[in-house]
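This report looks at how a few helices and side chains are placed with respect to one another. Please keep the sequence and the structure in view while reading.

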Amino acid sequence: MDDHTKSEYTLSEVREQLDRIDGEMKRLFLERMAMIEQVTRIKAGTGASVRQPEREAAMIARLTEGVEPEFLTEYRTFLERMLEISRDYQQRRLKEM
């Protein structure tokens, strides 16, 4: 049985797993933001708009597909906030360029 499917955890075990997951999320966030920097540079050169509603809607639809209903609202909120952070970063960086 995988660790994440184990039915009984101690609080210490749960926190250990959360710490591991948070570390992975940090790494992925930083990797994503490095790519957002590249997107920003490309948009600065092409004059493309920071906000891309159609792309964002398609991304949210694709990524929420198959998410358990129990977590769907929270996951959608997570994605929307992630996109907001990306847009804010792009707008700030474009002003600096």
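Arg87 touches Val50, Arg51 and Glu56, when residues up to four places away in sequence are not counted. In this predicted model, Arg87 has its place in helix H3, and its relative accessibility of 17% falls under the 20% limit, so Arg87 counts as buried. Arg87 also appears among the residues of H3 that meet helix H2, and this leads to the way in which the helices pack.

**Helix H2 against helix H3**

Helix H2, which covers residues 53–64, packs with H3 at an angle of about 145 degrees, and the axes of the two helices are 10 Å apart. Their crossing is right-handed. On the side of H2 the contact is formed by Glu56, Met59, Ile60, Leu63 and Thr64, which meet Leu72, Tyr75, Arg76, Leu79, Glu80, Met82, Leu83 and Arg87 in H3. Sorted by class, the residues of this contact are eight nonpolar, one polar and four charged.

**Helix H1 against helix H3**

How are helix H1 and helix H3 oriented to each other, and what is the angle at which they pack? Helix H1 spans residues 11–46 and helix H3 spans residues 69–96, and the two pack at an angle of about 45 degrees with their axes 10 Å apart; H1 and H3 are therefore oblique to each other. The crossing of H1 and H3 is right-handed. The residues of H1 that take part include Met25, Phe29, Met33, Ile36 and Arg41, while those that they meet in H3 include Phe78, Met82, Leu83, Tyr89, Gln90 and Arg93. The contact of H1 with H3 has 12 nonpolar, three polar and five charged residues.

Arg41, whose place is in helix H1, can be followed in further detail. Arg41 touches Arg93 and Met97, again without counting residues up to four places away in sequence. The C-alpha atoms of Arg41 and Gln90 are separated by 8.9 Å, although these residues are 49 residues apart along the chain.

**An aromatic pair in helix H3**

The count of aromatic pairs comes to one. The rings of Tyr75 and Phe78 have their centres 6.2 Å apart and their planes at 20 degrees, and because this angle is under 30 degrees the pair is stacked. Both Tyr75 and Phe78 lie in helix H3, three residues apart, which is about one turn of the helix. Tyr75 is listed where H3 meets H2, whereas Phe78 is listed where H3 meets H1.

**Accessibility of selected residues**

The table gathers the accessibility of residues discussed in this report, together with Glu70.

| Residue | Relative accessibility | Class |
|---|---|---|
| Arg87 | 17% | buried |
| Tyr75 | 27% | partly exposed |
| Phe78 | 42% | partly exposed |
| Arg41 | 47% | partly exposed |
| Glu70 | 58% | exposed |

Glu70 likewise lies in helix H3, and with a relative accessibility of 58%, which is over the 50% limit, Glu70 counts as exposed. Glu70 and Arg15 are 55 residues apart in sequence, and from C-alpha to C-alpha they are 21 Å apart in space. Helix H3 thus holds both Arg87, which counts as buried, and Glu70, which counts as exposed.

Note on methods: Residues are numbered from 1 along each chain as its sequence is written. This is a predicted model: local features need pLDDT of at least 70, side-chain atom pairs count only at pLDDT 80 or more; totals for chains, interfaces and linings use all residues. Side-chain values use heavy atoms; hydrogens and water are left out. Axes are lines fitted to C-alpha atoms, for helices over the stretch in contact, and angles run from 0 to 180 degrees between N-to-C directions. Helices (H or I, at least four residues) and strands (E, at least two) are DSSP runs, numbered from the N terminus. Angles under 35 degrees count as roughly parallel, over 145 as roughly antiparallel, 65 to 115 as roughly perpendicular and the rest as oblique. A crossing is left-handed if the near helix is turned anticlockwise from the far one by less than a right angle, and right-handed if clockwise. Contact means heavy atoms within 4.5 Å. Ala, Val, Leu, Ile, Met, Phe, Trp, Tyr, Cys and Pro count as nonpolar, Asp, Glu, Lys and Arg as charged, and the others, Gly among them, as polar. Rings of Phe, Tyr and Trp (its six-membered ring) pair if their centres lie within 6.5 Å; planes under 30 degrees apart count as stacked, over 60 as edge-to-face and the rest as tilted. Buried means under 20% relative accessible area, exposed over 50%, partly exposed in between (1.4 Å probe, protein chains only).
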